[in-house]
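Colleague: I've got a structure here and I'd like to go through the terms people use for it. Can you take my questions one by one?

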Amino acid sequence: MLCVKNGMIHDAVRREAFRADILMKNGKIAAIGEHLELPEGIRTVDAEGLQVYPGFVEAHGHIGLDGYGIGYEGLDYNEINDIISPQMRGIDGVKPLDPAFPKAAAAGVTSVCVGPGSANVLGGTFAVIKTVGRRVEDMVVRDAVAMKCAFGENPKRVYREKKDSSRMTTAALLRETLFKAREYMEKKEAAEGDIFKKPAFDIKLESLIPVLKRDMPLKAHAHATEDIFTALRIAREFHLKITLEHVTEGHLIVEELAKENVPLAVGPTLTSATKFELRNKSWTTPGLLAKAGCQVSIITDSSVIPQEYLPLCAGLAVQAGMDPFAALQAITINPAKHTGVADRVGSLEIGKDADLIITDGNPFEVSTKVRYVFINGTAVDLERP
């Protein structure tokens with residue numbers, strides 16, 4: 001057991017911070033309150049004059065799949081030989097010993113949703129993992145939280161000479177695959193377990209059954225307004241759950257997105273506009289969407305932006321007008337909801353994982369220092385990075 005005493009608690013649930021102790025036991029938050037009665041000999045951390053936050057959560061990135069400092073040969077986040085590859089699993093490409101993980105953990109980013117990139121129309125599943133561990137199975141909070149699909153320029157660029165040269169083609173390929181998967185699922189269900197009546201096993205179509213049953217959302221890469229609406233249109237046609245990723249032009253269609261009521265992951269914004277669909281990127285986007293009532297997460301899309309700069313991205317959104325509490329929720333409880341793990345992480349509440357950060361100031365400010373990080377109740381070595 002360990003108790004953090006006398007800190008100012010920013011729990012990501014209540015707008016106002018409050019002074020309290022936090023007791024951690026068996027990797028969970030066991031109690032929160034003032035002047036907790038503690039057993040004899042329990043280890044304590046004095047947080048007097050310090051700020052206590054939930055571990056930061058990334059809703060969309062590729063940390064551990066692209067390889068820190070090892071060049072093209074280390075890239076494992078895109079299958080570039082097959083435009084339809086829903087059978088891929090992000091956890092199969094994660095390198096737990098990647099140096100990017102300790103850098104992220106030391107900055108207070110304790111949970112990340114990682115998976116395939118956007119080269120393919122369907123790319124495979126994402127998983128939420130902690131940023132500490134030597135074996136990916138031990139890092140997993142929840143596997144298969146979403147199925148990656150991509151619209152816009154990336155599939156066109158990668159497959160222009162092979163399969164896909166227009167946005168119409170991308171949409172048609174996705175629809176075709178979903179139709180086939182639905183037919184496969186219906187035939188499988190109609191067989192009622194009779195092996196002689198079942199359709200021949202197809203790992204691609206099998207992988208999409210959780211999507212069709214709404215057990216897993218599509219995680220739709222979409223920057224431009226036309227791609228955002230195509231993603232929503234296809235999700236509606238097949239009655240699918242969906243989250244929108246990047247949403248670069250979201251500030252141009254705020255009212256429409258507010259009506260849709262789907263989770264939005266906005267970013268990466270701390271980059272130049274390297275392609276046409278990024279020309280309208282703006283730090284005002286997350287704030288405008290949050291003000292309109294949307295559930296907004298801010299993302300780095302690591303390693304597009306290094307994972308450790310997630311709180312800086314939130315700070316830049318605040319500088320552009322975002323409400324500071326909304327910005328805090330955009331890197332804590334909202335990405336936890338976005339990725340289906342809010343029962344475990346994203347806020348400081350009794351029963352949740354003991355992932356927390358202690359700082360000497362506002363983590364959105366570059367002058368602030370992280371004093372302690374705990375993941376599953378265990379202190380992170382801040383010197384390792």
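Colleague: What makes the eight strands a sheet, and in which order do they run?

Modeller: Two strands count as paired when DSSP finds at least two bridges between them, and strands themselves are DSSP runs of E with at least two residues, numbered from the N terminus. Here the eight strands go in the order β6-β7-β8-β9-β10-β11-β12-β13, with mixed pairing, and the sheet is open. As background, strands of a sheet pair through backbone hydrogen bonds, either parallel or antiparallel.

Colleague: Why are β6 and β13 said to stand at the edges?

Modeller: β6 (56–61) and β13 (296–298) each have a single partner strand, so one side of each lacks a neighbour in the sheet.

Colleague: And before I go on, what kind of model is this?

Modeller: It's predicted: local features need pLDDT of at least 70, side-chain atom pairs count only at pLDDT 80 or more, and totals for chains, interfaces and linings use all residues. Numbering starts from 1 along each chain as its sequence is written, and side-chain values use heavy atoms, with hydrogens and water left out.

Colleague: How do you know that β7 and β8 pair?

Modeller: β7 (residues 109–114) and β8 (residues 122–130) share four bridges in the antiparallel sense, against the required minimum of at least two. One of the contacts to look at is V112, whose bridge partner in β8 is I129.

Colleague: What joins β15 to β14 and to β16?

Modeller: β14 and β15 (residues 370–375) run antiparallel with four bridges, and I357 has V373 as its bridge partner in β15. Between β15 and β16 (residues 378–379) there are two bridges, again antiparallel, which meets the at least two that pairing asks for. F374 is bridged to A379 in β16. β15 and β16 make a hairpin with two residues between them, and N376 in the turn has a positive phi of about 55°.

Colleague: Why is the protein called as compact as a globular one?

Modeller: The radius of gyration, taken over C-alpha atoms, is set against the globule rule, 2.2 Å times the number of residues to the power 0.38. The protein comes out at 21 Å, close to the 21 Å from the rule for 385 residues, so it is as compact as a globular protein of that length. Buried residues, meaning under 20% relative accessible area with a 1.4 Å probe and protein chains only, make up 56% of the 385.

Colleague: What makes something a cavity rather than a pocket?

Modeller: On a 1 Å grid over the protein atoms alone, a 1.4 Å probe fits in a cavity but cannot get out, while a pocket is an open set with protein on both sides within 12 Å along at least five of seven lines; lining residues have an atom within 4 Å of a point. Three cavities reach 30 Å³ or more, and the largest has about 50 Å³. Its lining includes H246, P268 and K281.

Colleague: How big is the largest pocket, and which residues are closest to its centre?

Modeller: The volume, meaning the space filled by probe spheres set on the grid points, is about 630 Å³. Of its 29 lining residues, Y77, N78, S118, N154 and R157 are closest to the centre. Helix α3 (residues 153–159) gives the most to that lining, three residues.

Key: Buried < 20%, exposed > 50% of the residue type's maximum accessible area, 1.4 Å probe, protein only.
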